[in-house]
Amino acid sequence: MADRLPGTAPDDGSASQAPLAGRGSPHDTVRLAVVIGALGVVFGDIGTSPIYTLQTVFNPDDPHPVPVSTENVYGVVSLVFWSVMIIVTVTYVLLAMRADNDGEGGIMALITLLRRWNAERGRKAAAVLAALGIFGASLFFGDSMITPAISVLSAVEGVKVVEPSLEDAVVPITAVIIVLLFLVQRRGTAAVGRIFGPVMIAWFVAIGACGIGGIADHPDILKALSPTYALGFLFGHWGTAFFALAAIVLAVTGAEALYADMGHFGRRAITRGWLFLVLPACVLSYMGQGALILDDPDNISSPFFLLVPDWGRWPMVVLATAATVIASQAVITGAYSVASQAAQLGYLPRLRIAHTSESTIGQIYVPWINWLLMVSVLTLVFAFRSSAELAYAFGMAVTGTITITTLLFFYVARAKWGTPKWLLAVGGGVLLFVDLLFVAANMTKLVHGAWLPLLIGLTAFTVMTTWQRGRLLVTAERERTEGPLPEFVDDLRSGKTSTRRVPGTAVFLNRGKETTPLAMRANVEHNHVRHEQVVILALQTEPVPRVPADQRVVVDALGYADDGIIHVVARFGYMETPDVPGTLAMLDPAETEGPLQLDEASYFLSKIELRRGKARTMAPWRKHLFIATSYITADAAEYFGLPRDRTVIMGSHIEV
């Protein structure tokens with residue numbers, strides 16, 4: 001809501017207060033421009049995986065190296081192909097993308113669906129799975145830190161192939177690119193986005209063409225398309241294949257982006273872009289690299305760039321760098337979206353959010369997240385110094401998120417569509433077995449970097465769950481302090497509370513209409529005044545991305561139609577930014593007991609100072625964490641679009 005402790009997000013959105021109309025994806029008609037836009041944003045991460053996947057699998061410095069042999073090359077390439085088909089094509093493109101929340105996808109959309117199910121049915125399983133989903137979203141923050149580091153590093157490492165003497169320049173060049181990338185975030189991606197699509201089309205055409213060149217020299221590699229080679233390698237060489245899965249999973253990095261960005265481009269555009277260009281190009285690249293390694297085992301040092309003819313390697317390094325920057329841009333934007341949605345749903349404090357596009361609401365910039373990511377990415381670059389060293393950290397983040405998404409999807413499929421249990425047991429069992437196999441393989445790399453995303457995920461999960469718990473405690477204490485609103489209005493009406501009416505309109509931001517705004521109670525009890533027109537405004541976040549304009553506000557006279565006190569509920573989707581003055585301007589004077597004087601209205605906020613109390617509500621360290629987290633909250637007046645010269649902030653304190 002609005003009148004709250006610093007940083008407390010609007011209503012947690014666990015349930016809608018009224019049915020919302022206008023649902024359905026706005027992307028039903030697929031245009032070529034939409035597909036091109038999706039190619040420029042959605043597929044950057046997964047489309048750059050061929051740069052480092054096979055190189056990592058056959059890395060001789062790996063603690064569990066895969067020996068280079070004809071049988072192993074066929075097995076690895078086949079495993080890569082079928083991993084992409086099962087996880088990306090089947091799990092995400094064919095299945096998960098059918099579970100959307102008003103057209104929006106991603107793990108946060110699944111969490112919202114589960115919370116709604118939990119509110120409607122009261123199922124404990126839904127609450128547990130929602131918590132698991134929050135951990136999956138937490139792992140995504142780790143993915144957002146690792147992706148720019150490993151992607152840009154892997155592309156810049158191509159200079160070593162062209163000019164070995166430049167090896168020492170890889171890390172400094174990578175650091176400069178990353179700093180520039182984060183510095184331009186505040187300008188938004190609207191202008192740059194127009195060239196993303198054509199650049200990625202050039203990228204996929206180039207890697208596909210290079211792959212065809214490699215296949216032409218060794219066409220037998222196409223036999224790896226048969227699943228018998230994958231199964232034969234996996235079960236015939238279990239000790240080698242199991243550890244290889246920790247690197248093979250790199251081929252599916254970015255799969256979550258296909259789902260998360262569904263709301264921007266629609267399921268059909270993403271599906272067509274994947275099936276008709278991205279998937280064929282990536283498969284051709286993997287096949288071509290496999291053929292190159294068969295020709296000469298020494299090519300495992302950098303099979304992607306060695307597949308390129310000598311004359312084209314410098315252009316490919318430049319194109320690869322551009323593609324990895326685009327991949328990084330996509331995941332950074334995804335981190336902004338996840339943080340924004342988490343704040344709206346009550347898992348993070350209210351963060352300052354800037355919309356960078358007038359036409360696309362999803363293009364946002366979150367300064368606090370931006371600088372946190374930049375420092376984290378640079379730390380990873382200087383600490384690990386190569387894409388190979390980061391590979392296992394990357395795989396752990398990816399497999400964890402994919403497994404949780406698969407599990408949540410099948411629960412939603414049962415709860416929402418009534419899918420037969422036997423079908424879920426068979427289909428879900430197979431897909432979860434594949435996911436868990438990858439998780440188990442990556443767990444063997446804990447001491448080699450896989451601990452990093454788990455640490456990041458656990459940290460983010462602890463912060464978000466602590467904030468949610470502390471917020472509930474503070475809300476309960478506030479309800480006790482504020483007292484019931486109906487009794488307060490009755491006392492004003494009866495004259496039991498002596499006040500003097502002053503001209504003008506006062507807007508008190510509050511959490512609902514059950515309790516009295518602290519600022520209003522203080523104004524009446526200490527100053528003994530009230531305005532002629534009083535608007536008690538509650539901002540409510542619905543578990544849908546956007547709320548139609550005709551369902552934006554609900555007005556309640558609070559029992560009396562002539563006392564000048566009304567209650568207004570303003571409803572927003574979790575993808576929207578509240579605008580209080582703009583919302584109040586939508587009100588009909590007939591509903592507000594006369595026209596509101598918005599040009600001169602005063603806005604009242606309550607600022608809550610948190611103190612650590614002695615009650616055993618949370619562990620002492622969690623109390624410190626909750627209070628510390630509150631300091632990153634955005635300024636309330638700015639967040640709600642209030643005019644600063646007419647905003648009054650009244651303080652109070654609460655112990656947690």
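Helices (H or I, at least four residues) and strands (E, at least two) are DSSP runs, numbered from the N terminus. This is a predicted model, where local features need pLDDT of at least 70, side-chain atom pairs count only at pLDDT 80 or more, and totals for chains, interfaces and linings use all residues. Residues are numbered from 1 along each chain as its sequence is written, and side-chain values use heavy atoms, with hydrogens and water left out.

Q: How many salt bridges does the structure hold?
A: Side chains of opposite charge can pair when their charged atoms come close. A salt bridge here is a side-chain nitrogen of Lys or Arg within 4 Å of a carboxyl oxygen of Asp or Glu. The number in this structure is three.

Q: Which helix holds both Glu-477 and Arg-480?
A: The side chains of these two residues meet in a salt bridge, 2.6 Å from N to O. Glu-477 and Arg-480 sit three residues apart, about one turn of the helix. That helix spans residues 451-482 and is H20.

Q: Is Arg-480 buried or exposed?
A: Buried means under 20% relative accessible area, exposed over 50%, and partly exposed in between (1.4 Å probe, protein chains only). Its partner Glu-477, at 25%, is partly exposed. Arg-480 has a relative accessible area of 61%, so Arg-480 is exposed.

Q: What is the distance between the closest N and O atoms of Glu-525 and Arg-521?
A: Both residues lie in helix H22, residues 518-527. They are four residues apart, about one turn of the helix. Their salt bridge brings the closest N and O atoms to 2.9 Å.

Q: Why does Arg-521 count as buried?
A: Glu-525 is partly exposed, with 40% relative accessibility. Arg-521 is buried because of its relative accessible area, which is 19%.

Q: Which residue meets Arg-313 in a salt bridge?
A: Arg-313 is buried, at 16% relative accessible area. The partner is exposed, at 63%. The two side chains meet at 3.0 Å, N to O, and the partner is Asp-310.

Q: Which residue's backbone oxygen does the side chain of Ser-376 reach?
A: Ser-376 lies in helix H17, residues 367-384. Ser-376 is buried, with a relative accessible area of 16%. The side chain of Ser-376 reaches a backbone oxygen at 2.8 Å, and that oxygen belongs to Leu-372.

Q: How many Å apart in space are Ser-376 and Ile-146?
A: In sequence, Ser-376 and Ile-146 are 230 residues apart. In space, C-alpha to C-alpha, the distance is 8.6 Å.

Notes
A polar contact is a pair of N or O atoms within 3.5 Å; within protein, one must be able to donate a hydrogen and the other to accept it, and residues adjacent in sequence count only if both atoms are side-chain atoms.
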